[in-house]
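Biologist: Could you take me closely through one part of this model, the open sheet and the core that goes with it, and then place that part within the rest of the chain?

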Amino acid sequence: MKKSIEISPNIEALFGTRDENLHLLEDGLNINIDLRSDAVELEGTPRDVARAEQVFSDYDQLQRGGHTFNNGDLNSMLRVLVADPKTTLRGLAEAGRQRSLGRRTVQPKSLNQRRYLDAIETHDMVFGIGPAGTGKTYLAVAMAISALLSKRVNRIILARPAVEAGERLGFLPGTLQEKIDPYLRPLYDALYDMLDPEKVDRYLEKNVIEIAPIAFMRGRTLNDSFVILDEAQNTTSEQMKMFVTRLGFNSKAVITGDVTQIDLPNARRSGLLEAVDILKNVQGLSFVYFDESDVVRHHLVQRIIRAYDEHKTKLAEDQMDLLDAKSPANGNVVTSGLRPGDELNREAE
């Protein structure tokens with residue numbers, strides 16, 4: 001099937017740099033797009049052509065309605081759109097408007113990020129698990145700020161285990177708050193990126209926003225709150241159980257972590273790993289998993305994460321091959337390091 005669409009004013013922005021958005025639509029929707037001087041020709045199955053035509057129609061309507069796309073947002077929306085047949089460009093753009101907060105408009109840049117935001121809206125407790133750079137913490141903080149500004153909650157509580165990443169910092173000078181601030185800095189960074197610094201400082205001063213190590217959560221009941229536990233892979237079993245049982249009335253909790261970056265002395269006792277196993281069938285909870293395709297940092301980060309995953313897989317395969325080689329079933333019986341004939345030589349002696 002072929003379809004010709006008349007080129008409307010300012011539609012060139014939809015094409016993207018070096019037509020990257022058109023190439024994305026071609027690959028994702030299995031269609032061919034041919035640019036003419038006064039029209040765009042679409043060729044493919046009726047269903048795929050109809051989806052592409054809807055993209056052009058939605059873009060034109062959004063432009064006429066005064067919607068502006070920030071840098072990279074349009075490409076991110078199209079990636080979500082081609083991955084999920086149920087989504088439309090207009091629906092994604094309007095969802096982004098609803099999550100406009102402070103100085104930022106939060107827009108999911110992948111299908112898993114969209115599922116993550118939807119899960120936070122519809123569930124009282126959500127686990128976001130995946131590699132660094134996938135937006136787990138940033139999106140959770142954004143949703144917390146949105147809930148606070150719309151008065152759905154009265155305060156935000158951001159918690160993190162005070163565990164160093166593979167090193168020991170030793171004695172830190174200053175007050176208690178000054179000692180723990182280095183561990184909580186990523187949470188501060190997300191807040192200052194979304195809100196005016198004066199507003200953040202005012203909220204922190206009045207305890208409307210509270211940032212603290214997870215150890216400070218014991219004994220508390222958190223009502224009318226949006227609670228985020230970041231770097232949850234570094235919690236112990238006891239800390240995780242303590243945190244997930246703090247939730248009070250009219251509250252939400254988001255737990256984020258990367259199970260490949262556990263800094264505990266004994267990685268097998270990670271509270272996040274245990275919680276995934278214990279709570280996976282509990283109703284009312286949602287687990288959202290990210291992978292390297294969701295990384296929204298520098299494009300090299302995706303490749304780096306993929307390289308580490310491939311290296312980990314290769315090590316596991318090599319270990320299995322080594323075990324198979326030593327298995328008695330293969331006829332290779334290990335006898336305390338003696339070479340063949342050593343036992344006979346000993347008997348002769």
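Modeller: What follows goes from the open sheet to its surroundings, then to the other parts of the chain and to the confidence of the model.

This is a predicted model, and its protein chain holds 13 helices and eleven strands. The part you ask about is an open sheet of six strands in the order 8-7-9-10-6-11, paired in the parallel sense. Strand 8 and strand 11 (285-289) stand at its edges with a single partner strand each, so one side of each has no neighbour in the sheet. On average, and with direction ignored, neighbouring strands here are turned by 15° against each other. Within the sheet, strand 6 (residues 125-129) and strand 10 (residues 252-257) are joined in parallel by five bridges, and Met125 has Ala253 in strand 10 as its bridge partner.

Helix 7 lies across strand 6, strand 7, strand 8, strand 9 and strand 10, and its direction makes an angle of about 170° with that of strand 9. Helix 7 also matters for the count of the largest nonpolar core, which has 35 residues, with Tyr116, Leu191, Ile211, Phe226 and Ile228 having the most contacts inside it. Two or more residues of this core come from each of helix 6 (111-122), helix 7 (136-149), strand 7 (155-160), helix 8 (176-194), helix 9 (197-205), strand 8 (209-213) and strand 9 (225-229). The largest share, nine residues, is given by helix 7. Leu191 may serve as an example, for beyond four places in sequence this residue touches Val141, Ile145, Leu158, Val200, Ile209 and Ile211. In soluble globular proteins, nonpolar side chains tend to be buried together.

A charged residue can be followed in the same way. Asp230 sits in the loop between strand 9 and helix 10 (237-244), and, because its relative accessibility is 4%, Asp230 counts as buried. Apart from neighbours within four places in sequence, Asp230 is in contact with Thr137, Ala159, Arg160, Pro161, Leu187 and Thr256. The loop between helix 7 and strand 7 offers another residue to look at, Lys151, which at 70% relative accessibility counts as exposed. Lys151 has a phi near 65°, a positive value in a residue other than glycine. Most residues other than glycine have a negative phi.

Turning to the rest of the chain, there is a second, separate core of 28 residues that includes Leu25, Ile31, Leu62 and Leu74. One of these, Leu25, belongs to helix 2 (residues 20-29), where Asn21, Leu22, Leu24, Leu25, Glu26 and Leu29 are buried. The buried residues of helix 2 pack against helix 1 (12-15), strand 2, helix 3 (46-64) and helix 4 (73-83). Helix 4 is itself mostly covered, with nine of its eleven residues buried, among them Leu74, Met77, Leu78 and Leu81.

Both sides of helix 2 show a positive phi. In the loop between helix 1 and helix 2 lies Asp19, whose phi is about 60° although Asp19 is not a glycine, and which counts as partly exposed at 28% relative accessibility. Just after helix 2, Asn30 takes a positive phi of about 55°.

Strand 2 (residues 32-35) and strand 3 run antiparallel and are joined by four bridges, and the two form a hairpin with three residues between them. Asp34 has Glu41 as its bridge partner in strand 3. Strand 3 (residues 39-43) also pairs with strand 1 (residues 2-6), again antiparallel and over five bridges, with Val40 as the bridge partner of Ile5.

For the chain as a whole, 42% of the 349 residues are buried, and residues 24 or more positions apart account for 70% of the contacts with a separation of 6 or more. The exposed area is about 19800 Å², of which carbon and sulfur atoms supply 49%.

As to confidence, the protein chain averages a pLDDT of 80, and 81% of the residues score at least 70. Over residues 164-170 the pLDDT stays under 50, and the model has six contacts beyond four places in sequence for that stretch. Residues 333-341 also stay under 50, with four such contacts. Where pLDDT is low, the predicted coordinates should not be read in detail.

How values were computed:
Residues numbered from 1 in each chain as written. Heavy atoms only, no water. Core = buried A, V, L, I, M, F, W, Y, C linked by side-chain atoms within 4.5 Å. Buried < 20%, exposed > 50% of the residue type's maximum accessible area, 1.4 Å probe, protein only. Contact = heavy atoms within 4.5 Å. Pairing = 2+ DSSP bridges. Axes fitted to C-alpha atoms, helices over the stretch in contact; angles between N-to-C directions. pLDDT = per-residue confidence, 0-100. Areas by Shrake-Rupley, 256 points an atom, 1.4 Å probe, with all protein chains shown as cover.
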